[in-house]
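The following paragraphs lead through one protein chain, from selected charged pairs to the overall fold. Please keep the sequence and the coordinates at hand while reading.

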Amino acid sequence: MKKSITNVLGNSKTREEVLQEIKSNRSVYPVFLDLRKEYQEQFIEFCMGVRGIKMTYDTFFKRIFNAEAHPERLSEMLSAIIGRPLTVKRALPKEHSRITEAGSLLELDIIVEFDTGEIGDVEIQKLGYLFPGQRASCYASDMVMRQYEREKSIRGEDFTYKDLKRVYTIILIENSSKEFRKLPGQYVHRGKMHFDTGIEMDFLQEFYFIPLDVFFEMKHNENELSIKNDLEAWLYFIGSDRPEEIMKVIEARPRFAEMYREVCEFRYHPEEAIRMFSDALRKLDENTVKYMIEEQKKELEEWKREVEVQKREAEAQKKEAEAQKKEAEAQKKEAEAQKKEAEAQKRVNQKQSEELEEQKKANQKQGEELERQRKEIEELRRLLAEKKE
């Protein structure tokens, strides 16, 4: 394997040899010192011949996938992604100011026309954008409109909407956003518009999202490193700089060796290599700052939403507490009224009890009087009876 990797990456050098060459080159050394430590290490290992270069860097990708010099490379890669044979005819100029911002996270943007008249927009993002679906919709719409304006200007009154061809938005993401990490093992997301009724209409936009980190995580979890198809080979070529994976790609697809050797030619041209490396990393640093700002803005917006929800909940709780307080006060008043009513009833009952007691005494006295009168009558009867005798 050592001999094979040497044939691809070139003869190896020691770390000391590489550092000496860097320090002795006045064009290279100042730029090297401006790199962060981790990037210095990557550049040293590349120059030693023990590490490749990822094609996720704009400068290297455009050199290897130059649509004018090597249209067959883009043709093969895009055919593998889209799933049918396509031939790149030419690269299209960026006629419009693209829908993007200064310091954007977009590392690469190449627009090509196929021999069918269809258009492909190839993008590589070092860090995944926020709102990827909304952004991709804007990019696809931009391509449709530039095609519409071009075709209408060419065909004039003979133009019909049938003249418009399909547009493909292909986005490869080195470090993807959370939407893609929710689906481990799913590394190619193909999408187009359809209706739930089954009615068929020929919409122009198709979307392809490929989170490279999800792909490599899935492959690293497999028991053995294997290349199952052309698409996997291209994704390894674009996203990996590991020697063992480079060799696996070449073993499975020998034609890739030429591209790897072309990349490694930069080892023998350190001035150009460090410039390309530095340009790519400087752009990455700007992108990282932009990404962090967007993340902070997103967190701030989420925090504001949470505060607003908490505020509404607090107001609702306050209203509920006030309602409960009013209800408690009403219950208290009602209890006091019931208490007063009970006390009044108690007084009425006590008075009635006293009156009943008085009536009872009067009835008892009347009974005693009646008993006395009965006894007197009995006595009179007895006396009358004795007198008759």
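D230 is partly exposed, with a relative accessible area of 32%. The model in which this value was computed is a predicted one. D230 forms a salt bridge with R253, and the closest N and O atoms of the two are 2.5 Å apart. This pair connects distant parts of the chain: D230 belongs to helix 10 (residues 230-239), while R253 sits in the loop between helix 11 (243-252) and helix 12 (256-264), 23 residues apart. R253 has a relative accessible area of 16%; because the limit for a buried residue is under 20%, R253 counts as buried.

A second charged pair is formed by R242 and E245, whose closest N and O atoms are 3.5 Å apart in a salt bridge. Here, too, the two partners can be described by their accessibility. R242 is partly exposed at a relative accessible area of 36%, whereas E245, at 3%, is buried.

A third salt bridge joins E371 to R374, with 2.3 Å between the closest N and O atoms. Both residues lie in helix 13 (residues 270-388), and their spacing of three residues is about one turn of the helix. E371 is partly exposed at 32% relative accessibility, and R374 is likewise partly exposed, at 42%. Elsewhere, salt bridges with shared partners bring E76, D230, R253 and R255 together in one network. The salt bridges counted in the model come to 32.

Helix 10 also contains L235. Is L235 buried or exposed? With a relative accessibility of 1%, L235 counts as buried. Leaving aside residues up to four places away in sequence, L235 touches L172, Y187, I210, L212, F215, F216 and S240. The C-alpha atoms of L235 and M77 are separated by 8.9 Å, although the two residues are 158 positions apart along the chain.

One of the residues touched by L235, namely L172, leads to the strands. L172 in strand 4 is the bridge partner of I124. Strand 3 and strand 4 (residues 167-175) run parallel and are joined by eight bridges. Together with helix 7 (residues 132-155), these strands make a right-handed β-α-β unit. Why is strand 3 described as largely enclosed by the rest of the structure? Strand 3 (residues 119-127) is so described because nine of its nine residues are buried.

The surface offers another view. M193, F195, I199 and M201 make a nonpolar surface patch of about 400 Å². Among these residues, M201 lies in the loop between strand 5 (189-192) and strand 6 (205-211).

Finally, the chain may be considered as a whole. The chain holds 13 helices and six strands. Of its 389 residues, 39% count as buried. The exposed area of the chain is about 24,200 Å², of which carbon and sulfur atoms supply 51%. Among contacts between residues at least 6 apart in sequence, 68% join residues at least 24 apart.

How values were computed. Residues are numbered from 1 along each chain as its sequence is written. This is a predicted model: local features need pLDDT of at least 70, side-chain atom pairs count only at pLDDT 80 or more; totals for chains, interfaces and linings use all residues. Side-chain values use heavy atoms; hydrogens and water are left out. Patches are made of residues with over 30% relative accessible area and no salt bridge: like charges are joined within 9 Å, nonpolar side chains (Val, Leu, Ile, Met, Phe, Trp, Tyr) within 5 Å. Accessible areas come from the Shrake-Rupley method with a 1.4 Å probe; for residues, only the protein chains shown count as cover. A salt bridge is a side-chain nitrogen of Lys or Arg within 4 Å of a carboxyl oxygen of Asp or Glu. Helices (H or I, at least four residues) and strands (E, at least two) are DSSP runs, numbered from the N terminus. Buried means under 20% relative accessible area, exposed over 50%, partly exposed in between (1.4 Å probe, protein chains only). Two strands pair if DSSP finds at least two bridges between them. A crossover is right-handed if, with the strands pointing away from the viewer, the path from the first strand over the helix to the second runs clockwise. Contact means heavy atoms within 4.5 Å.
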